[in-house]
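I opened the notebook to record what I looked up in this structure, entry by entry.

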Number of protein chains: 2
Amino acid sequence: MEIAVLGAGNWGTVLADLAGRNGHAVKLWTRDAAVRDELNAHRTNARAVPGLAVADAVRAVTDLGEALRGAELVIAVLPAQALREVCRAAGELLAPEQYVIHASKGLEVGTHRRMSEVLQEETCVRQLGVLCGPNIAAEIAAGRPAGTVIASRFRRVVDAGRRALSSPRLRVFHGDDVVGVELCGALKNVVAIAAGMATALDLGENAKALLVTRGLSEIAALATALGARADTLRGLAGVGDLLVTCASPHSRNHRVGAALARGATLPDALAALGMVAEGVPTARTTHELIARHGVDAPILERVYRVLYEGLTPAAGLRELLELPAGRDVVGAE
Amino acid sequence: MEIAVLGAGNWGTVLADLAGRNGHAVKLWTRDAAVRDELNAHRTNARAVPGLAVADAVRAVTDLGEALRGAELVIAVLPAQALREVCRAAGELLAPEQYVIHASKGLEVGTHRRMSEVLQEETCVRQLGVLCGPNIAAEIAAGRPAGTVIASRFRRVVDAGRRALSSPRLRVFHGDDVVGVELCGALKNVVAIAAGMATALDLGENAKALLVTRGLSEIAALATALGARADTLRGLAGVGDLLVTCASPHSRNHRVGAALARGATLPDALAALGMVAEGVPTARTTHELIARHGVDAPILERVYRVLYEGLTPAAGLRELLELPAGRDVVGAE
């Protein structure tokens, strides 16, 4: 199969490598000529994935047309706020028979669009899927096993994704709730910021589990209001991704929450991270969606107020722990 | 309120203390005269909860009738396999107007009974509830915050439990899926053993999240076949308890799984623990229920085979990672 991977960050590079190891011809698109040259000359992308020797079948390119031309499957691994611009450029290049699977975990700021909506607005591609799961790129690069889900309306899209990526390092499960997987992937990052705050403030494992479980209930309430199926929350994109996010010091959003709780400003926390933390813009979008849909989501709202309205993490968590305890499980089922 | 707490292990002692701090008159029943005397003389139960100064309103007793007489609410915090014997003795002592909430996380070996079924078989009490959640007793004893759920068919049982236990240390959420909460509490311990194995074998956070999420799917499939509602899995007794169990070195079942993966025999692992690990008998019961209900549950089955049929943890986990990846979310919804 000819495959284009858009985005040579850590996850894009690892996915391109997995597809290359599976014997596919992979073009890995990056804007950065230095990354391209390093990868093609030395088989490495040292800043994104230290230690990984990228499969020979992966060729880095900076020309989007060159990446997309002839690709049966396109895997877009871009920051949520960058997807529209790339899709706009790709609109004249993509054809309806091509499959596109994206792995972006965010919503577009301002429009609140999910990534598959952006793809549909800017391209003629309709055979779309989304990939999401508990996938720390560095672990997979090191050869350790993981699982993920690809959701699509079309089984042939899932099958193409499986042929591309399935390996002992990555078991690819299937689903059909695109909206649910996209919203899990986006909204869980806001909860991950809250979990990072709880970790840094040393509230204990009970409190963190309470926060994450109640956060999952809030995600369920908002996501079902937006068209997701509640059961998707129990899957790899929901519970699975939250488990990793809350357990792992690797998680970007968890690290941002922890830095804020230790007294950093948001710009300092993001600068120290040096990568995109999708939960930060998503918290604002979530705040707007909560208001529009009238959902009760005190944890998501506290994260928004910490990020954008000067609430301190300690005060936010204290407020949460003083709320009356209501129903254990919410969300329409 | 007059309250009886049955069982002076770590969780029973902490719950008795919480009720005592709330101003209730609490009798804490134990079989162990030394524990009774230590608690009444020194306000401690040092073996169960080191460092806790138990509230003055808690009085330890070894006479079951003395504990139950006049108690508006009985909170049973006993090992699953011990509940029937205590209930049998309590059968002549309990009256139908008394409320009973249990916090046992297991199923009766042989009969497969849930704890509320045992209570109904052995007593005339019908106003029953179950308490379960991400609750490491030592953290609550140290004053750190937590949340839990009490589920009952009757709201007045939940309300009595809340009056008894709600505090800044323990937020009590409510539910009505007794079957679901009981099965979550029991079955998650089997998954916790698997998570402990994955931790000790250093498979990484991705693999552990995959294992736990897929384990949750298996619990959902089995629990719904037994009458639980799938959405209960997303709550504090399901996801919440699994989050703590998988993150915390305190979890007994997690420790058993880790010890087995490091090469200990089951008797040695249990002896080193020195406490009941409910997941060990539950794995056998689960194995029998899986066969009876024809549920596909490869993780629960591998734990059974490791515990009782000599499968090594490494081989069991390797088998699991080689299974074909199927649907992301299963369970009837």
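Is A:Tyr308 buried, partly exposed or exposed by its relative accessibility? I looked this up in the predicted model, and A:Tyr308 counts as partly exposed, at 26% relative accessibility.

I then turned to A:Tyr304, which is buried with a relative accessible area of 8%. Both residues belong to helix H14 (residues 298-308) of chain A, where being four residues apart separates A:Tyr304 and A:Tyr308 by about one helical turn.

For ring pairing, I found a count of two aromatic pairs over all chains. In one of them, the ring centres of A:Tyr304 and A:Tyr308 are 5.4 Å apart with their planes at 40 degrees, so I noted the pair as tilted, since that angle is neither under 30 nor over 60 degrees. I also noted that the charged end of A:Arg284 sits over the ring of A:Tyr308, 4.1 Å from its centre.

Next I checked the sheet of chain B, in which eight strands form an open sheet with mixed pairing, in the order S3-S2-S1-S4-S5-S6-S7-S8. Strand S3 (58-61) and strand S8 (170-175) of chain B each have a single partner strand and stand at the edges, so one side of each lacks a neighbour in the sheet. I recorded an average twist of 25 degrees from one strand to the next. Helix H2 (residues 33-42) of chain B packs on this sheet, touching strand S2 (25-29) and S3 of chain B, and its direction makes about 155 degrees with that of S3(B).

Last, I compared the chains: a rotation of 180 degrees with 0.0 Å of shift along its axis superposes chain A on chain B, with RMSD 0.0 Å. The two copies are thus related as by a two-fold rotation axis.

Terms used: Residues numbered from 1 in each chain as written. Chains lettered and ligands numbered in written order. Predicted model: local features only at pLDDT ≥ 70, side-chain atom pairs only at ≥ 80, totals over all residues. Heavy atoms only, no water. Least-squares fit on C-alpha atoms with pLDDT ≥ 70 in both. Pairing = 2+ DSSP bridges. Helix = DSSP H or I, 4+ residues; strand = E, 2+ residues; numbered from the N terminus. Axes fitted to C-alpha atoms, helices over the stretch in contact; angles between N-to-C directions. Contact = heavy atoms within 4.5 Å. Phe/Tyr/Trp six-rings, centres within 6.5 Å; stacked < 30°, edge-to-face > 60°. Buried < 20%, exposed > 50% of the residue type's maximum accessible area, 1.4 Å probe, protein only. Lys NZ or Arg CZ within 6 Å of the ring centre and 35° of its normal.
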